[in-house]
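Visitor: I would like to go through this entry term by term. Please tell me what each label rests on.

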Amino acid sequence: MSMDKVTDKGSEGALFIGAGVELKGDVEVPGSASVDGKFEGTLKAKTLIVGQTGHVSGQISVETAEIRGMVEDHLTVKNRLVLRSSGSIAGTISYSKIMVEEGGSISGSIEMMARSGAAPVETEAKVLQLHQSAE
Amino acid sequence: MSRREAGMKLDFSTLRVPENEEEVEAFDWKAFPPAIANRKSNFFLIVDAATGLSGKLVTWTTFVHGQVEGLIFAEHVTVEESGFVKGLIFCRTLTVLGMVQADVICDTLHVRGQGVLTGVVKHKQVKIEGEGLVTGKFARRGSGIGGRAALAQG
């Protein structure tokens, strides 16, 4: 591999926490944070990937997330959150898009973030007033 | 048992939504009167897009294309793309393709297509796909909270 390629990959720094490794603290990752071990603290990253053995807790803010392990406390995903069948999220969750596979566990307070550049999502139905129309 | 006999013998008067987690977990869907009526048949209710209901809807399987405000008490509930439900849903399976602004107690929740669900949800299993959106408070059943009283507490 040439140095250029190494530099290209390194331009978006990545973090990998392997199985059996525990890390506590505040971490900012320009690229992808992959957790198969345990992380506790504040994490900002472009992408969060939590493996089946991974456990993440604290204040987590990312662009996209794919969860196969466990995430607790506060999770903010500005773009797409994918919860796989083995994954579990508990706490306060904010997302723009979400996909939950059957078997995935989700509990806590869930809110949707406004999608940047997208038309506002219609969450209020155009409802007939049943009581008024019936009387 | 004929449909007429089944309909005549069913007693809905004592049917009520479970009030607490023990009652939810103990609820026997096999003894659910509409389910009994469906042992030999496949009755279902369609609330069409031109229909609005307000009150308590008890049935075995329902497909909601229109609007329901109040309680839906059914084994299987599908809120179709044009459907809107506001209130409380107690069921085994809930599929949302339309809009639900309700508190939900169910075994399985499936949000599909552009389905939108807002409320307090007690579930055993959840699946969200497509452009489905959910907001509110979610809790897995069996985690120490559940039932209508728990929904009221938020």
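**Strands, cores and burial**

Guide: Strand β2 (residues 52-64) of chain B and strand β3 (residues 67-79) of chain B run parallel and are joined by 12 bridges. This is a predicted model, in which local features need pLDDT of at least 70 and side-chain atom pairs count only at pLDDT 80 or more, while totals for chains, interfaces and linings use all residues. Residues are numbered from 1 along each chain as its sequence is written, and chains are lettered from A and ligands numbered from 1 in the order in which they are written.

Visitor: What makes β2(B) and β3(B) a pair?

Guide: Two strands pair if DSSP finds at least two bridges between them. β2(B) and β3(B) have 12 bridges, so they pair. One of the bridge partners is Gln67(B) in β3(B), which stands opposite Gly52(B).

Visitor: What is called a strand here, and what is called a helix?

Guide: Both are DSSP runs numbered from the N terminus: helices are H or I runs of at least four residues, and strands are E runs of at least two. On that basis chain B has 4 helices and 10 strands, in the order α-α-α-β-β-β-β-β-β-β-β-β-β-α from the N terminus. Chain A has 2 helices and 7 strands, and its order is α-β-β-β-β-β-β-β-α.

Visitor: Which other strands pair with β3(B)?

Guide: Strand β4 (residues 84-90) of chain B pairs with β3(B) in the parallel sense over 7 bridges, with Leu71(B) opposite Leu88(B) in β4(B). Strand β5 (residues 93-96) of chain B also runs parallel to β3(B), joined by 4 bridges. There, Thr78(B) has Thr95(B) as its bridge partner.

Visitor: How do you know which strands of chain A pair with β4(A)?

Guide: By the bridges. Strand β3 (residues 38-50) of chain A runs parallel to β4(A), with 12 bridges between them; Val50(A) is matched with Ile67(A) in β4(A). Strand β4 (residues 55-67) of chain A also pairs with β5(A) in the parallel sense, over 11 bridges. Val77(A) in β5(A) is the bridge partner of Val62(A), and Asp73(A) in β5(A) is that of Gly58(A). β5(A) is in turn joined by 12 bridges to strand β6 (residues 88-100) of chain A, again in parallel. In β6(A), Ile98(A) is the bridge partner of Leu81(A).

Visitor: Why is Val24(B) called buried?

Guide: A residue is buried if 20 or more other C-beta atoms lie within 10 Å of its own, exposed if 12 or fewer, and partly exposed in between, with C-beta atoms placed from the backbone. Val24(B) has 21 C-beta neighbours inside 10 Å, so Val24(B) counts as buried. Val24(B) lies in helix α2 (residues 21-26) of chain B. Its C-alpha atom is separated by 13 Å from that of Phe73(B), 49 residues apart along the chain.

Visitor: Is Ser54(B) buried, partly exposed or exposed, and what decides it?

Guide: Ser54(B) is partly exposed, because 16 other C-beta atoms lie within 10 Å and that count falls between the two cut-offs. Ser54(B) lies in strand β2 of chain B. Ser54(B) and Lys86(B) are 32 residues apart in sequence, and their C-alpha atoms are 9.4 Å apart.

Visitor: How much of each chain counts as buried?

Guide: In chain A, 30% of the 135 residues are buried. In chain B, buried residues make up 40% of 154.

Visitor: What makes a set of residues a nonpolar core?

Guide: Its members are buried Ala, Val, Leu, Ile, Met, Phe, Trp, Tyr and Cys residues joined through C-beta atoms within 7 Å. The largest such core has 64 residues, and Ile72(B), Val85(B) and Ile89(B) have the most contacts inside it. Strand β5 (residues 70-83) of chain A supplies the largest share of this core, 7 residues.

Visitor: Which residues are in contact with Val85(B), apart from its neighbours within four places in sequence?

Guide: Two residues are in contact if their C-beta atoms, placed from the backbone, lie within 7 Å. For Val85(B) these are Val64(B), Val68(B), Ile72(B), Val79(B), Val100(B) and Ala102(B).

Visitor: How many contacts join residues far apart in sequence?

Guide: In chain A, 2% of the contacts between residues at least 6 apart join residues at least 24 apart. In chain B, the share for residues 24 or more positions apart is 19% of the contacts with a separation of 6 or more.

Visitor: What confidence does the predictor give?

Guide: pLDDT is the predictor's confidence in each residue, from 0 to 100. Chain B has a mean pLDDT of 86, and 86% of its residues reach 70 or more. For the complex, the predictor gives an ipTM of 0.80 and a pTM of 0.83.
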